[in-house]
Amino acid sequence: MDLYSLKGKNILFFLVKNFGGYNLIIDKLKSYGANTIHYDERPASNNFTKGILRVAPRLIKNDIIKYYNSILKDLDKTKLDYVLVIRGEVVPAFFLRKIKEINPNCILIFYNWDSFKNTPNTSNHLDLYDKSFSFDLEDAKKFNINFLPLFYYDQFKADLNDSTGKKYDLLFLGTAHSDRYIIANKLSKWCETNGLTAFNYFFMQGKLVYFIKRIIDPTFKKFDYKKLSFNSLTTLEMVEFYKQSKVILDINHPYQTGLTMRTFEAIGANKKLITTNSEIKKYPFYNENNFYIIDREKLVLDKAFFEKDFQPLENSLYQKLSIEGWLESLFTTKNIEYWNKMLRN
């Protein structure tokens with residue numbers, strides 16, 4: 001069984017729409033002939049709703065119920081073959097049960113690319129899915145579900161013959177949270193002192209989210225408001241930044257052990273990576289030449305790491321780490337045992 005088995009199948013897909021790559025996932029599914037029906041898991045995408053969902057979702061519980069009932073009404077005459085829920089922080093249990101009741105042969109698939117600590121509500125519904133996955137090795141063990149790392153989009157595939165000059169020695173692109181701002185700026189200053197060039201892009205979901213987080217999270221008081229961007233980069237803009245950079249900086253959330261999207265984008269683009277996540281040593285693609293691990297409490301870099309080129313991986317690994325390999329793991333049995341072997345180590 002491969003992804004071409006999805007031809008003609010109806011897939012209901014939930015993912016936050018402001019996530020830059022959601023349309024790329026849909027396009028990939030469509031390339032195999034699948035019919036995709038996509039909804040944002042949130043009842044609205046305005047800044048007020050975003051902020052409330054993060055801090056007090058119970059305040060808009062009725063809006064959530066109304067929203068998902070409207071989706072059921074939209075789907076009244078649609079036979080569903082698959083439901084794919086990514087993160088699923090808002091998707092209610094009554095909706096999943098109703099979908100299964102109406103479409104008894106429908107396969108419900110859940111994938112969490114966040115820590116369950118950050119999305120505690122999602123772990124309450126795992127028994128309602130036919131297949132569940134986490135990008136976090138420890139979460140997969142704890143909740144007894146499948147382990148599946150993240151992936152890179154086709155747009156990040158590198159042309160190994162590309163000799164384009166590099167504008168930045170170190171690049172950080174990411175959502176502003178926790179100690180990212182402090183770490184990225186300290187490393188930027190290190191680069192400046194050592195004759196290297198660094199560039200940081202800090203994204204914030206909205207001004208309201210920022211001000212709410214300043215109240216509940218003391219680390220946000222250290223953020224320079226003027227250095228935040230409230231506009232997310234498009235995938236193509238990110239790809240251009242990667243092309244202009246030699247090394248990518250990855251700063252994982254302190255409560256996450258799963259590898260971030262930056263890790264796999266760097267691999268796809270054949271870029272070296274500096275990361276705060278020591279868990280990367282457990283993965284089959286780890287190579288000291290390509291990955292440099294730093295302690296977020298004691299930042300130490302080595303200029304020699306910037307002077308050597310990326311060593312390409314085996315083709316089979318590139319395939320497993322691509323969006324195609326990721327979708328194969330979700331919708332077929334391919335690659336599942338390969339990644340689940342890490343659960344037993």
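In this predicted model, the structure contains one cavity of 30 Å³ or more. The largest cavity encloses about 30 Å³ of space. Its lining is formed by L72, L75, T78, L80, I99, I102 and N103. Sorted by class, these lining residues comprise five nonpolar and two polar residues, with no charged residue.

Two of the lining residues, L72 and I99, also belong to a helix–helix contact, with L72 contributed by α3 and I99 by α4. Two packed helices are described by the angle between their axes and the distance between the axes. Both quantities are tabulated below for two helix pairs.

| Helix pair | Residue ranges | Axis angle | Axis distance |
|---|---|---|---|
| α3 and α4 | 61–74 and 93–102 | about 15° | 10 Å |
| α1 and α11 | 22–31 and 323–331 | roughly 70° | within 11 Å |

For the pair α3 and α4, the axes lie 10 Å apart at an angle of about 15°. Because angles under 35 degrees count as roughly parallel, α3 is roughly parallel to α4. The crossing of these two helices is right-handed. On the α3 side, the contact is made by I65, Y68, N69, I71 and L72, while α4 supplies F94, F95, K98 and I99. By class, seven residues of this contact are nonpolar, one is polar and one is charged.

For the pair α1 and α11, the axes come within 11 Å and cross at roughly 70°. Angles from 65 to 115 degrees count as roughly perpendicular, and α1 and α11 are therefore roughly perpendicular to each other. Helix α1 takes part in the contact through L24, I25, K28 and L29, and helix α11 through I323, E324, W326, L327 and F331. The residues of this contact divide into seven nonpolar and two charged, with no polar residue.

The class counts can be set side by side. The contact of α3 with α4 includes one polar residue, whereas the contact of α1 with α11 has no polar residue. The lining of the largest cavity, in turn, has two polar residues and no charged ones.

Key. Residues numbered from 1 in each chain as written. Predicted model: local features only at pLDDT ≥ 70, side-chain atom pairs only at ≥ 80, totals over all residues. Heavy atoms only, no water. Axes fitted to C-alpha atoms, helices over the stretch in contact; angles between N-to-C directions. Helix = DSSP H or I, 4+ residues; strand = E, 2+ residues; numbered from the N terminus. Parallel < 35°, antiparallel > 145°, perpendicular 65-115°, else oblique. Left-handed = near helix turned anticlockwise from the far one by under 90°. Contact = heavy atoms within 4.5 Å. Nonpolar A, V, L, I, M, F, W, Y, C, P; charged D, E, K, R; others polar. 1 Å grid on protein atoms, 1.4 Å probe; cavity = no way out; pocket = protein on both sides within 12 Å on 5 of 7 lines; lining within 4 Å. Points joined across faces, edges and corners; volume = space filled by probe spheres on them.
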